Amino acid sequence: MNKIIWITGAGSGIGKALAMAYNENGNTIILSGRKKAQLEDVAGVLSNAYILPLDVVDEQAIAAAVAEVEAKFGKVDILINNAGVSQRALVTETSNEVGRQLMEVNFFGSIHLTKAVLPLMLKSGTGNIVGMSSVAGKFGFPLRSYYAASKHALHGFYEALGLELKDTDIHTSVVCPGRIKTNISKNALKGDGAAHAEMDPGQAKGVDVDVCAAKIKRGITRNKAEIYVGGMEILMIYFKRYTPWLFRFIAKRINPK
Ligand SMILES: NC(=O)c1ccc[n+]([C@@H]2O[C@H](COP(=O)([O-])OP(=O)(O)OC[C@H]3O[C@@H](n4cnc5c(N)ncnc54)[C@H](OP(=O)(O)O)[C@@H]3O)[C@@H](O)[C@H]2O)c1
């Protein structure tokens, strides 16, 4: 009911689908991402949208964006740190610079925005903070070494934060999608920082993005600490947890594309 929902990476894929899913009950959706034109397209189909272009790597821009949101709305009910970039390169091919870039967007971008929004939530005493991980945040996978590392790091951070907030009505959730049909593989970085620019076959057969968004929304509403969404690949989370040998046996045989 009349919630203020801030979504990063809202111009495409899962972020866009989440914006549509929350387009109800007088909610206002704050749309962030770097490409303003994409955010405008999404805003065009929403009832109440506020376009706030933001590069999550830019700490000064984060501070300015949060000040703008505070002045305009006074609160944030749900923050969804969805912005992210994937990787399609072997460890030996990936430059340190590209590796750092993946950590900057996927890990520091997420936690810096969370830290900046947290005082607003603490003031209102309630809220949901969402980190967008991946199944690659639960197990390593070829061609995604830094990506997996950046997503694993989110789990440690948001679990710690959730425990620090245990006496409040502020909840942290970490989402682990499997393969969802978006342009993530096209936008993924090769070892030299160029775009992979290919729709991977596994990606093309992924779960529908609106189905994914509905499941994420349900998990957030239930204050779930971890939300899993995807196809059979979700089983690998459980194999890794309960039968690590079976996880390794299967993981070695999966086509990483
Ligand atoms: N699709 C999958 O199978 C899958 C699986 C597991 C996890 N995920 C995660 O889901 C999230 C969304 O991915 P997607 O599948 O929807 O792919 P996507 O369409 O490529 O979306 C990524 C979004 O992140 C934004 N972004 C990238 N760098 C940014 C930056 N520095 N600052 C602000 N925004 C930035 C992009 O917008 P701009 O370029 O306009 O900035 C884009 O809207 C990511 O965190 C991804 O890791 C996806």
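1. Isoleucine 80 sits opposite valine 130 of strand 5 in this predicted model. On its other pairing, isoleucine 80 in strand 4 faces isoleucine 7. The next residue along has a partner too: asparagine 81 is bridged to glycine 131, which belongs to strand 5.

2. These contacts belong to two strand pairings. Strand 4, residues 78–81, and strand 5, residues 126–132, run parallel and are joined by four bridges. Strand 4 is also paired with strand 1, again in the parallel sense, over three bridges.

3. Which way do the side chains of strand 4 point? Ile78 and Ile80 point one way, while Leu79 and Asn81 point the other way. In a regular strand, side chains alternate between the two faces of the sheet. Are the four residues Ile78, Leu79, Ile80 and Asn81 buried or exposed? All are buried, the asparagine included.

4. The wider setting is an open sheet of seven strands in the order 3-2-1-4-5-6-7, with parallel pairing. Its edges are strand 3 (49–51) and strand 7 (226–229), each of which pairs on one side only. From one strand to the next the twist averages 20°. In that order, strand 4 stands between strand 1 and strand 5, in keeping with the bridges described for strand 4 to strand 5 and for strand 1 to strand 4.

5. One helix can be placed against the sheet. Helix 3, residues 59–73, lies across strand 1 (4–8), strand 2 (28–32) and strand 3. Relative to strand 1, helix 3 runs at about 160°.

6. The ligand has 28 residues around it. Which of them come nearest? They are Arg34, Lys35, Tyr147, Thr182 and Gln203.

7. Three polar approaches to the ligand can be checked directly in the model. A polar side-chain atom of lysine 35 is 2.6 Å from a ligand oxygen atom. Isoleucine 14 contributes through its backbone, where a polar atom lies 2.8 Å from an oxygen atom of the ligand. Aspartate 55 has a polar side-chain atom 2.8 Å from a nitrogen atom of the ligand. How much of the ligand's accessible area does the protein cover? Of the 870 Å² that the ligand has on its own, 96% is covered by the protein.

How values were computed. Residues are numbered from 1 along each chain as its sequence is written. This is a predicted model: local features need pLDDT of at least 70, side-chain atom pairs count only at pLDDT 80 or more; totals for chains, interfaces and linings use all residues. Side-chain values use heavy atoms; hydrogens and water are left out. Two strands pair if DSSP finds at least two bridges between them. Axes are lines fitted to C-alpha atoms, for helices over the stretch in contact, and angles run from 0 to 180 degrees between N-to-C directions. Contact means heavy atoms within 4.5 Å. A residue is near a molecule or strand if one of its heavy atoms lies within 4 Å of it. A polar contact is a pair of N or O atoms within 3.5 Å; within protein, one must be able to donate a hydrogen and the other to accept it, and residues adjacent in sequence count only if both atoms are side-chain atoms. Accessible areas come from the Shrake-Rupley method with a 1.4 Å probe; for residues, only the protein chains shown count as cover. Buried means under 20% relative accessible area, exposed over 50%, partly exposed in between (1.4 Å probe, protein chains only).
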